[in-house]
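Thanks for coming. I will go through one structure this morning, element by element, and then stop.

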Amino acid sequence: MSPSYIIAARRSAVAPRGGALSNLLPHELAAPVIADLLQHAGIERDQIDELILSNALGAGGNPARIAALAANLPERIAGLSIDRQCAGGLDAILLGDVMIRSGLHDVVIAGGVESYSRRPIRMHAPADGSAPVPYNQAPFTPWPDRDPDMATAADTLAQKLGISHEEQDRWAQGSHAKARAAEDVLMQEITPIAGLSQDSFTRDLTPRHCSRAKTVCGSITAANMAVAADGAAFVLMVSERIARNHSAVEVLSGATLGADPLQPGLAPLPAIENSLKRASLTPQDVDTAEIMEAFAVQAIACLRGAGFAEDQINRHGGALARGHPVGASGAILAVHLYHQLQHTKRNGLAAIAAAGGIGSALVLQG
């Protein structure tokens, strides 16, 4: 099978729930990014074969189709919506890779969008016809005793690996510091929407701020876990025939694998190992890695477990410094990675964990 390539990658800024993007529905976040993506690539709308869109918190109704219509893509684009929670944005790209490698399509837009601010209010309808019961989080396993709250699971992981509260806070401070230092660089990948052209949550996070942060569970606080957020991110994937006319980054490999639902923070490790093996690479061959920071402890655990050095990871900061728009977060990692590899022309990896014990990874080469 022929390889697939990424020739453009764009995202919105990320804003916390209730912030600058809170008035926008998912398709209103996605459409400007898609339009900007095509403009940067010099690809016409009628060349698009498919749009794959991850969304985790929406109301259904095929948001990919709605976003395609809102972005004025050809009406023949049916749009494919997927939900793999936090991993979905990266998995959309892996699906696009399969479509192109198989010869089914030549040009695919893949990524994700989340409006945490505008998510629907969820309710269960009891079988006895009594009043609906509201709930905040869907189940991620069929076993209530093996379906932990994410913060609880993160604290358990910290205890298991001996990762202290102070170490998690230092990681969070470093994430913000790196993102603050890279603001001008990051703006080059951002499509301005609603007057927002940079991630609005990034700040000068100090030890004093961390010491005053609200405790969520054990060592997990509001400072060392990512804030719920709104955002969108997409990449433009093409076949080798089309890539010849563009500055392209090659998709080398990728994987999505299940792991222990009780320890979702470790789920990326099998996916990372599988993806690197299929690309005939070692962790030392990776120039830069984008590892999801839903929790600081999760990023630290993946760094150690995969055998990366700290200076390989999240050089421009991570989700702790911007927020976590669930369905878009994996695609945001890929956008970061693409723009870095455009300059280094080396190997890069993105990886993310999802509730239920799911991990996804993607390996690119500049």
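When I say buried, I mean under 20% relative accessible area. Keep in mind that this is a predicted model.

With that cut-off, take helix α5, residues 165–181. Its buried residues are Glu167, Gln168, Asp169, Trp171, Ala172, Gln173, Ser175, His176 and Ala179. They pack against α4, α6, α7, β10 and α10. The helix has 17 residues, and its first and last C-alpha atoms are 25 Å apart, close to the expected 24 Å.

Next, α4, residues 150–161. Buried here are Ala151, Ala153, Ala154, Asp155, Leu157 and Ala158. The cover over them includes α5, β9, β10 and α10. How far apart should the ends of α4 be? At 1.5 Å a residue, its 12 residues should span 16 Å, and the end C-alpha atoms are 16 Å apart, so the two agree. At the N-terminal end, Asp149 acts as the cap, with a side-chain oxygen 3.0 Å from the backbone nitrogen of Ala151. After the helix comes Gly162, with a positive phi near 70°.

Now the strands. β5 covers residues 107–115, and nine of its nine residues are buried, so the strand is largely enclosed by the rest of the structure. Val107, Ile109, Gly111, Val113 and Ser115 point one way, while Val108, Ala110, Gly112 and Glu114 point the other. Both sets are buried. β5 pairs with β3, residues 50–54, in the parallel sense over five bridges. Within that pairing, Glu50 has Val108 as its bridge partner. β5 also pairs with β11, residues 229–239, this time in the antiparallel sense and over nine bridges. There, Glu114 is partnered by Gly231.

On to the nonpolar cores. In soluble globular proteins, nonpolar side chains tend to be buried together. In this model the largest nonpolar core has 81 residues, and Ile272, Phe308 and Leu349 have the most contacts inside it. Helix α11, residues 326–344, supplies the largest share of this core, with 10 residues. Leu349 has contacts beyond its neighbours within four places in sequence, including Ile272, Leu276, Val286, Phe308, Leu337 and Leu362. Polar residues are on that list too, among them Thr288 and Glu290. A separate core has 37 residues, including Leu24, Ala68, Ala71 and Ile193.

One loop to mention. Arg76 sits between α2, residues 63–70, and β4, residues 80–82. Leaving out residues up to four places away in sequence, Arg76 touches Asp46, Gln47, Ile48 and Asp49. Its side chain reaches the backbone oxygen of Ile48 at 2.8 Å. From Arg76 to Ile52 is 24 residues in sequence and 14 Å in space, C-alpha to C-alpha.

Last, the cysteines. How many disulfides does a search of the whole structure find? The count is zero. Why is Cys86 not in a bond? The closest cysteine sulfur, in Cys302, is 12 Å from that of Cys86, which is too far. Cys210 is in no disulfide either, and the nearest cysteine sulfur, that of Cys217, is 17 Å away. For a disulfide the two sulfurs would have to be within 2.5 Å. Cys86 counts as buried because its relative accessibility is 15%. Cys210 is also buried, at 2%.

That is the list. Questions are welcome.

Conventions:
Residues are numbered from 1 along each chain as its sequence is written. This is a predicted model: local features need pLDDT of at least 70, side-chain atom pairs count only at pLDDT 80 or more; totals for chains, interfaces and linings use all residues. Side-chain values use heavy atoms; hydrogens and water are left out. Buried means under 20% relative accessible area, exposed over 50%, partly exposed in between (1.4 Å probe, protein chains only). A nonpolar core is a set of buried Ala, Val, Leu, Ile, Met, Phe, Trp, Tyr and Cys residues joined through side-chain atoms within 4.5 Å. Helices (H or I, at least four residues) and strands (E, at least two) are DSSP runs, numbered from the N terminus. Contact means heavy atoms within 4.5 Å. Two strands pair if DSSP finds at least two bridges between them. The expected span of a helix is 1.5 Å times one less than its number of residues. A polar contact is a pair of N or O atoms within 3.5 Å; within protein, one must be able to donate a hydrogen and the other to accept it, and residues adjacent in sequence count only if both atoms are side-chain atoms.
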